[in-house]
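Me: I want to learn how to read pockets, cavities and ligand contacts in a model. Can you take me through one?

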Amino acid sequence: MNDAVQVALVTGASRGIGRALAVGLARAGYDLALCDLASQPEALAETARQVQAEGRSARTYDVDVSSKADTQRLVERVLADAGRIDVLVNNAGILKLSSLEDLDEATWDAHQDVNTRGVLFMCQAVLPHMRGRKAGRIVNIASLAGRQGVPGQGHYAVSKAGVITLTRVLAQEVGSDGITVNAVCPGIILTEMGRNNLGSEEAVKHWENATALHRLGDPEDVVGPVVFFASPQSAFVTGQALNVCGGLYFH
Ligand code: NAP
């Protein structure tokens, strides 16, 4: 990788929003460190090819963000390879639907482990490097569910509310070293997760009509806000959570 080029690390980069963010960041001029669970080598390699097609370099790594040891090893490897991490995008996440009444312990734990602790562990892993350089951008992919709470997604909503709160607190803890921490809260984005969540064409129509823009999101709709939070244009913005939902929710 070229030393002058900034490096963005994206978790959950093998598909969906993560892949779109990786390609969008490449288009914005970043080299990419792409990571995902070890089960997705081909999909992650495809994201890397799409980044390279934008003229930027991409390296791929395995990580389970719910393992602190894994996240520490990942960041050590990226720093050894690329020499710097300018932007961390915490995108990896899971959603399995269940009412709170029927929710089992393992599903509750998995959502907090991946969606919330995973963000914490990744931030803890990159912060010594970012503090050392007195610069850095962290962008957390939360969810509208974390603001509003959605039936069938209580455990997920709690995990994402945790991400929003973590974003606000961390921003205040690390701002004096020139590091910003912001969150993006997507509404309904038509990825595998978004489609599974809706279940039927009637549900798609219902939610399309519920948005001000009368459509659901594509993964590319999340790119602009993330690139903004990663860029110098957002230098005076930190601890914020931005809804990216086509006008589905207004708080
Ligand atoms: P997706 O298509 O399911 O992709 C999620 C990615 O995260 C997958 O590549 C997945 O790997 C990876 N991942 C899961 N657990 C991981 C772990 N422990 N360590 C590392 N990577 C892991 O989901 P998406 O729709 O693109 O969502 C991306 C982010 O946006 C998530 O944080 C999600 O909560 C959030 N979001 C999505 C929507 C929506 O409507 N789609 C709305 C609001 C927020 P595998 O492929 O191996 O499972």
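Me: By class, what residues does the lining of the largest pocket have?

Reply: Start by sorting the lining into classes. This is a predicted model. In the largest pocket, the lining has 23 nonpolar, 18 polar and 5 charged residues.

Me: How many residues line the largest pocket, and which lie nearest its centre?

Reply: Take the total, then go to the middle. The lining of the largest pocket counts 46 residues. Nearest the centre lie G93, I94, L95, Y156 and M193. About 1,200 Å³ of space lies in this pocket.

Me: Which elements give two or more residues to that lining?

Reply: Map the lining onto secondary structure. Helix 1, helix 5 (145–148), helix 6 and helix 7 each give two or more residues to the lining of the largest pocket. Helix 7 has the largest share, with 6 residues.

Me: Which pocket does the ligand take up?

Reply: Compare the space of the ligand with the pockets. Here the ligand takes the space of the largest pocket. Its shell draws two or more residues from each of helix 1 (16–27), helix 6 (154–174) and helix 7 (192–198).

Me: How many residues surround the ligand, and which are the closest?

Reply: Use a 4 Å cut-off between heavy atoms for this shell. The ligand is surrounded by 29 residues. R15, D36, N91, Y156 and T191 are the closest. By class, the shell divides into 14 nonpolar, 11 polar and 4 charged residues.

Me: Which side chain has an N or O atom 2.4 Å from an oxygen atom of the ligand?

Reply: Separate side-chain contacts from backbone ones. The side chain is that of T191. On the backbone side, a polar atom of I17 is 2.8 Å from a ligand oxygen. For a polar backbone atom of G187, the distance to an oxygen of the ligand is 3.5 Å.

Me: How much of the ligand's accessible area does the protein cover?

Reply: Set the covered area against what the ligand has on its own. That is 890 Å², and the protein covers 94% of it.

Me: How many cavities of 30 Å³ or more does the structure hold?

Reply: Count closed spaces apart from open ones. The structure holds 1 such cavity. About 40 Å³ of space lies in the largest cavity.

Me: What lines the largest cavity?

Reply: Read the names, then the classes. The lining consists of T11, V65, N90, N91, A92, V114, G118, V119 and M122. Helix 4 (residues 105–133) gives the most, with 4 residues. The classes are 5 nonpolar, 4 polar and no charged residues.

Key:
Residues are numbered from 1 along each chain as its sequence is written. This is a predicted model: local features need pLDDT of at least 70, side-chain atom pairs count only at pLDDT 80 or more; totals for chains, interfaces and linings use all residues. Side-chain values use heavy atoms; hydrogens and water are left out. A polar contact is a pair of N or O atoms within 3.5 Å; within protein, one must be able to donate a hydrogen and the other to accept it, and residues adjacent in sequence count only if both atoms are side-chain atoms. Accessible areas come from the Shrake-Rupley method with a 1.4 Å probe; for residues, only the protein chains shown count as cover. On a 1 Å grid over the protein atoms alone, a cavity is a set of points where a 1.4 Å probe fits but cannot get out, and a pocket is an open set with protein on both sides within 12 Å along at least five of seven lines; lining residues have an atom within 4 Å of a point. A molecule sits in a cavity or pocket if more than half of its atoms lie within 2 Å of its grid points. Ala, Val, Leu, Ile, Met, Phe, Trp, Tyr, Cys and Pro count as nonpolar, Asp, Glu, Lys and Arg as charged, and the others, Gly among them, as polar. Grid points are joined across faces, edges and corners, and a volume is the space filled by probe spheres set on the points.
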